[in-house]
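Open the model in your viewer and keep the sequence panel beside it. This tour tells you what to select, stop by stop.

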Amino acid sequence: MSLGSFIKKQFIDVLQWNEETEGVLAWRFPMQDFEIQNGAILNVRESQVAVFVNEGKIADVFGPGTHKLTTQTLPLLTNLKNWDKLFDSPFKSDVYYFSTRVQTGRKWGTPQPITIRDKDFDMIRVRAFGMYSYRIADARTFFTEISGTREIYTRDEVEDQLRGILMSSMASSLGGANVPFLDMAANQALMAQEVKDGLAQAFARYGVGLDEFNVASISLPEELQAALDERISAGMKGGLGADKMSGYTKFQVANAIPLAAQNEGGMAGIGAGLGAGLSIGQVMAQSMGGALQQQAPAPVAPPAPAEEPIEARLEKLKGLLDKGLISPADYDGAKAELLKKLIG
């Protein structure tokens with residue numbers, strides 16, 4: 001091999017990255033024993049940034065375009081390497097390429113429920129899931145804080161780091177939002193925006209730009225969701241206001257009937273079960289009523305007038321119909337309401 005061929009083989013004329021492997025965010029140009037020739041061409045595509053690192057320190061950063069590497073295009077590196085001596089002082093700096101494309105469709109979720117204080121349900125644990133997208137916004141910071149001098153740094157590796165940041169920001173945002181769970185689940189877009197603001201600042205510390213962030217769902221663990229469903233169902237079947245406890249007790253007793261029928265003793269045990277259920281409900285209602293009376297004295301209400309018997313009201317209603325003072329439709333509607341009260 002001639003001396004000219006040896007020199008030509010040992011020096012790199014063109015540097016570029018074709019991004020042949022999906023999911024790679026940072027890639028070091030394979031230098032081995034080769035050296036970059038003075039006047040070599042550096043190709044940087046629109047979705048890339050190239051960083052020159054000399055002895056562990058960033059010397060120059062190149063954006064998209066075609067760059068001819070000379071003492072004019074590498075002013076910082078020229079101070080480190082005496083290029084005026086040409087090949088007597090070889091150019092051995094490492095070149096790292098970074099992909100600045102937006103990484104879309106990345107999923108996130110809370111592996112463990114996050115415990116927060118809720119004004120409706122006291123302390124609850126919630127789960128959240130959604131999607132986000134990001135990109136390398138500052139290659140210099142990304143190299144210094146995350147990727148370092150590794151030959152390849154992948155999307156999976158950086159997302160392991162980002163996932164911890166995301167969970168920490170999510171917990172802080174949910175815990176400090178003071179938004180009831182029911183409102184939180186109904187306003188996922190507002191919750192996503194609140195989390196995104198804090199998350200963008202946390203990502204920026206590592207040279208990562210948060211592009212999009214959304215919350216697809218906020219839910220309770222299965223056991224808490226079951227308890228919430230039962231409470232909602234009891235509220236639908238029971239009364240309102242002071243009658244909520246009565247409604248909940250009735251609901252529990254109604255649910256106990258089919259279970260009692262399946263137990264030993266069959267329907268014979270229902271009476272005892274109903275008695276126990278009603279007794280417990282009465283004790284709970286009395287306890288809650290006593291606690292409320294201790295907190296604030298109940299206002300003294302004037303005695304309510306004795307309600308007229310339903311039978312008498314039906315007779316008066318029929319008299320109004322016979323005299324033509326009300327229509328048959330009005331009579332039928334009022335009669336139905338009174339009979340409903342009478343029958344229960």
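The stops below run from the whole chain to its cores, then to its empty spaces.

**Whole protein**

Start with everything shown as cartoon. This is a predicted model. The secondary structure comes to 11 helices and 12 strands. Now colour by burial. Of the 344 residues in the protein, 34% are buried. Contacts reach across the sequence: among those with a separation of 6 or more, 67% join residues 24 or more positions apart.

**The largest nonpolar core**

Select F98, W108, V126, Y132, F142, M170 and F213. These residues have the most contacts inside the largest nonpolar core, which has 45 residues. Which helix gives the most to this core? Select residues 155–177: helix α4 does, with seven residues. Next, colour 11–99 and 103–225 separately. Domain 1 (11–99) and domain 2 (103–225) both give residues to the core, so the core lies between them.

Stay with F213 and show its surroundings. Beyond its neighbours within four places in sequence, F213 is in contact with W108, M131, Y132, L166, M170, A192, V195, K196 and L199. W108, Y132 and M170 in that list are also among the core residues you have just selected.

Another core lies apart from the largest one. It has 17 residues, among them L15, W17, F29 and F62.

**F29**

Zoom in on F29. Its place is the loop between β2 (24–28) and β3 (35–44). Is F29 buried or exposed? Its relative accessibility is 10%, so F29 counts as buried, the cut-off being under 20%.

Now show what surrounds F29. Leaving aside neighbours within four places in sequence, its contacts are I12, V14, L15, Q16, V95 and Y97. Draw a C-alpha to C-alpha distance from F29 to Y97. The two are 7.4 Å apart in space and 68 residues apart in sequence.

**E19**

Move to the loop between β1 (11–15) and β2, and select E19 there. Check its backbone angles. E19 has a positive phi of about 50°, although it is not a glycine. With a relative accessible area of 19%, E19 is buried, because the cut-off is under 20%.

**The second largest pocket**

Keep E19 selected and add Q16, W17, N18, E20, T21, V24, W27 and I152. Together with E19, these residues line the second largest pocket. Its volume is about 190 Å³. Colour the lining by class: there are four nonpolar, three polar and two charged residues. Two lining residues have come up before: W17 belongs to the core of 17 residues, and Q16 is in contact with F29.

**The second largest cavity**

Switch to the enclosed spaces. Rolling a probe the size of a water molecule over the atoms shows where empty space is left. How many cavities of 30 Å³ or more does a search of the whole structure find? It finds two.

Take the second largest cavity, with a volume of about 40 Å³. Select K107, W108, G109, Y132, R163 and L166, which line it. β8 (103–109) and α4 are the elements that give two or more residues to this lining. β8 gives the most, with three residues. By class, the lining has three nonpolar, one polar and two charged residues.

Finish by showing F213 again alongside this lining. W108, Y132 and L166 are in contact with F213, and these three also line the cavity.

Key: Residues numbered from 1 in each chain as written. Predicted model: local features only at pLDDT ≥ 70, side-chain atom pairs only at ≥ 80, totals over all residues. Heavy atoms only, no water. 1 Å grid on protein atoms, 1.4 Å probe; cavity = no way out; pocket = protein on both sides within 12 Å on 5 of 7 lines; lining within 4 Å. Points joined across faces, edges and corners; volume = space filled by probe spheres on them. Nonpolar A, V, L, I, M, F, W, Y, C, P; charged D, E, K, R; others polar. Helix = DSSP H or I, 4+ residues; strand = E, 2+ residues; numbered from the N terminus. Buried < 20%, exposed > 50% of the residue type's maximum accessible area, 1.4 Å probe, protein only. Contact = heavy atoms within 4.5 Å. Core = buried A, V, L, I, M, F, W, Y, C linked by side-chain atoms within 4.5 Å. Domains from an automatic or database assignment.
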